[in-house]
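User: Could you take a close look at one part of this model for me, the open sheet of 5 strands and the loops around it? Please start with how far the prediction can be trusted, and then walk me through the rest.

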Amino acid sequence: MTNPDNAAKLSTEVKNKLNNNKKKQVDGDGLVIMSRGLGLRKVLLAFLNIYSHNKNLVILLNTSQQEIESLKAELAIIQKSRNGQSFLKIINNETPSSERHSIYINGGMLAITSRILVVDMLNKVIPTHLITGILVNHAHTVTETSMEAFILRLFRQENKVGFIKAFSDSPESFIYGIWKLEKTMRTLFLRNVYFWPRFHLAISKELEKNRVSVLEIRVPLSPNMKTIQTSLIECLESTLLDVKRLANYVDIDFNIENALFRSFDKIIRNQLNPIWYNISNRAKKIVGDLKTIRSLIDFLLTYDCVAFYSLLETILAENTPSSIFQQENSPWLLLDAANTVFSLAKNRVYVTASNQKELENCKVTKELKPLMPKYTIPILEELPKWKVLKAIIYEIFEEIDPFKKWNKSRKENKKILIMVNSKRTSIQLKMVLSLFKKNEINGSYYLMNKLLENYFKWKKKMLYFNKNSVHSNNTNTNNNNMNSNSNSQKNTNSSKPGGRYASLNNSGNPGGGRRRVRRGKTSTNINFIQTHISNNSIEESKMKLEEENDENKKKYEDEQEFGEYLPFDIQVEDEMEKDDDNIIIREYSFAGFLKQSEVVDDYKLLEEIRPDYVIIYDPNLNFIRNLEIYCASLKKKKIPKVYMLIYDNSIEEQRYLSQIRREKHAFETLIREKSVMSIPIDQDGRIKLQPEDDFWKEINTRIAGGQIEKGYKKQIIVDTREFRCSLPLLIHSREINVKPYTLIVGDYVLTPDHCVERKSINDLIQSFKSGRLYNQVESMTKYYKQPILLIEFNQDKSFLLQNVNKTEISNEDIQSKIVLLLLSFPNLKILWASSPYASSEMFEDIKKDQKEPDEEEAVSKGAELLEKNNATYAQYSTQQYNLTPQEMLLSIPGVYHKNYKIIMNNVENILELSQMSEDQLKKLVGIESARLIYSFFNSTPKDKRE
């Protein structure tokens, strides 16, 4: 029998252990991985609130500007009644460097961009040893070469006490690759990881207290939709087999379930990138077709029949022999299943009448009738969910008041929240329901007629535009005009089942303001040609802005799909009523078609609206989790009644169930990995080096006998603009000090004699076109004995400058320009790096047995022309110049950011610049820039390009 005293003692020990574990999670280091939608945002807010006192200095990393603004607003509400606490402070490129030090000293909770923080830590602007801790958001995006990894490395070197807490709600991201979780924890300097899946006992117990009951309504597909879906899946299976046959290097499970997710396309493309140059055009086309077919399956269930058929016409037109962009036909279009898809999609919109009686019985709107082709009967099959949605709305209003269902003057105002995936679905549902509330039961039929009417109008405009374009091309011999008109030549007329409407708006004018129809790689061909024609006049300032926002652009473009907007869509402002007090339609916060500025957290949305009824029109796991948490927070209050519409035996249902299975599998895999993971005791970076390690680090073998030289360490001076790439981090990881300064000459100063200008492939091409590279090499040659041009490739792509299929090299090729550059500067050396890792290794080799560079000397080089105009700079700041002439000046070939201020301070206006001789320009901006500027102003469009 157990002794009561021992039992009490044991109980106390268990309680103490639990309390210690909780305290560790709050005060110690750790990585938290949660299921999506379980309130990671609330957890982050709680930590921000805890550490927001001025006595702390806590930094929030890896968080977008929109998230920061939202967190700041919510934190301000929480802290309204608190004394002695500061709100979240934001430090970005608009914060002057002179003010940042005082902000750091004052303490508080700071949200800082990674690049600024790295520079401030290296320059000792921020007291790293006083930092209380760092919160890392979206930990699954942190890699070994990211700026966040660099920050944590610098932090742990100087601060062994501060905490590091990382948060992630993407468990699937940690199971791809070999020991991804272990590598991420090592990068984050963490030894503890905490898992909070939906099936966690504590979470399940808490959510069950006020459980939400969901009425799941399974909507059957129409016979045509069911057949089209089956045919598209058959096309997808055939394409998957082709990819597997053509690309044996792809390590991924080829099945339909995986192919339904966007990540599948990205994984395949990332694995093929290193050998992309060696793959045939057919294989590349097939890889692109995976995304196309997957998107069509999505659009079948979400788009109306008119929009879906028009998208199929776009694909067909792009693959016709008459298309100037068609290079390789998509193999899936030749399948019998594809023929079934096209024929049934057309039958959902309209069919050909077999006799006159059918035409007479056809009921259409007055506006549509004159636009329809002869012997055409509109079918206009509406989406099955529309009928079910109207039935649910009718039932809800009947439940609210069976006698006054549509009476808006009723005192009791019940809110119905409808959640959808995209803005386009939201617009169409508003149209359907607004007419339905007016007792127009055929509101959806009216909408379909309106869409078909706009569609036929657009087809006629496209036919007219196409004819004019062809006529213009036949009579015009100018090459530029031919290139510009080629955008319209690819459109087919109304007699063919095709049409390209990416650049036509509702008014029929080409190049309208609506967003383009996007589709993977091939749909942007028109954009590419237009950009290629005007590449020589791209402003330098615009290029710099694009470089700064490169990551955000990539993230946003990855989320886009073709067919987001169509030129014949009905405009909201023209046809829609505003949201009333009863029915509110909103998009999910993680919807792919939402702009970043429009993102509203689902939980916050529920708190603001407080709906009585929720209709989940498109199944979304994140929203359902947020809804569970919202209902659990209501406690004794009445929870909303929830309806969920899902197509029966459809891809929509399969994807929803697969998402749940994948998340569960990810957590099970991570739990197993954690159980066998061996974590070194010094992985968190808190343990100091042993005395003998310090001894060996201080030895300098350049001194006889390997004597100790205190304070000796290698260093490289780096331009602050280079902290957008990963090379400074890799240099620092080789125990070489990185000194950030604003350099006029070069990007990296390795020794007093060696200066490096780093160029990625894209930057190299742009620099040659603008003439910027010639001036940069000229400056390096003037001030350094050994100028070096580093050409750095992307480590995830092929180490190749020219396509293997190309046998001849012309004067316009990049290789020819490199040769000309070497002939102009014989002392210039070129380093070819396959990745930033190779670059850092070469830098270390160059520095062997060399003197260390001097910071003041490196910064002063190239400043002579600027110093001559110091008095002028004091009188005229950049802000006092007219912005329009500045932009015009930067668009001139030979003018770039390092010389445009010199021109503005020495030349009155652009007219005076155009009248200057080449010798006068040489004294001002150098030989190459002077040649480009002079030739720009003294040549005509008919002159041959040099």
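Analyst: Happy to. The average pLDDT (the predictor's confidence in each residue, from 0 to 100) is 76 for the protein, and 71% of the residues score at least 70. As this is a predicted model, local features need pLDDT of at least 70 and side-chain atom pairs count only at pLDDT 80 or more, while totals for chains, interfaces and linings use all residues. Residues are numbered from 1 along each chain as its sequence is written, and side-chain values use heavy atoms, with hydrogens and water left out.

Two stretches call for caution. Over residues 475-563 the pLDDT stays under 50, and the model has 171 contacts there beyond four places in sequence, a contact being heavy atoms within 4.5 Å. Residues 871-880 also stay under 50, with 10 contacts beyond four places in sequence.

For the wider setting, the protein has 40 helices and 20 strands; these are DSSP runs numbered from the N terminus, helices being H or I with at least four residues and strands E with at least two. Of its 946 residues, 48% count as buried, that is, under 20% relative accessible area, with exposed meaning over 50% and partly exposed in between (1.4 Å probe, protein chains only). Among contacts with a separation of 6 or more, 75% link residues 24 or more positions apart.

Now to your sheet. Its 5 strands follow the order β8-β14-β13-β11-β12, with parallel pairing, and the sheet is open; two strands pair if DSSP finds at least two bridges between them. The edges are β8 (214-219) and β12 (583-587), and each has a single partner strand, so one side of each is left without a neighbour in the sheet. From one strand to the next, the twist averages 20°, where axes are lines fitted to C-alpha atoms, for helices over the stretch in contact, and angles run from 0 to 180 degrees between N-to-C directions.

Inside the sheet, β13 and β14 run parallel and are joined by 4 bridges. One bridge can be picked out by residue: Y613 has K641 in β14 as its partner. Helix α26 packs on this sheet, where it touches β8 and β14, and its direction makes about 115° with that of β14.

The loops beside these strands hold two residues worth a check of their backbone angles. Most residues other than glycine have a negative phi. R610, in the loop between α24 (602-609) and β13 (613-616), is not a glycine, yet its phi is positive at about 50°. With a relative accessible area of 44%, R610 is partly exposed. N649 sits in the loop between β14 (641-647) and α26 (651-676), and this non-glycine residue also has a positive phi of about 50°. Its relative accessibility is 62%, so N649 counts as exposed.

The model has another open sheet to set beside yours. This one has 7 strands in the order β3-β4-β2-β5-β6-β1-β7, again with parallel pairing. Its edges are β3 (89-91) and β7 (193-196), each with a single partner strand, and here too the twist averages 20° from one strand to the next. At the β3 edge, 3 bridges pair β3 with β4 (residues 108-112) in the parallel sense, and I90 stands opposite A111 in β4.
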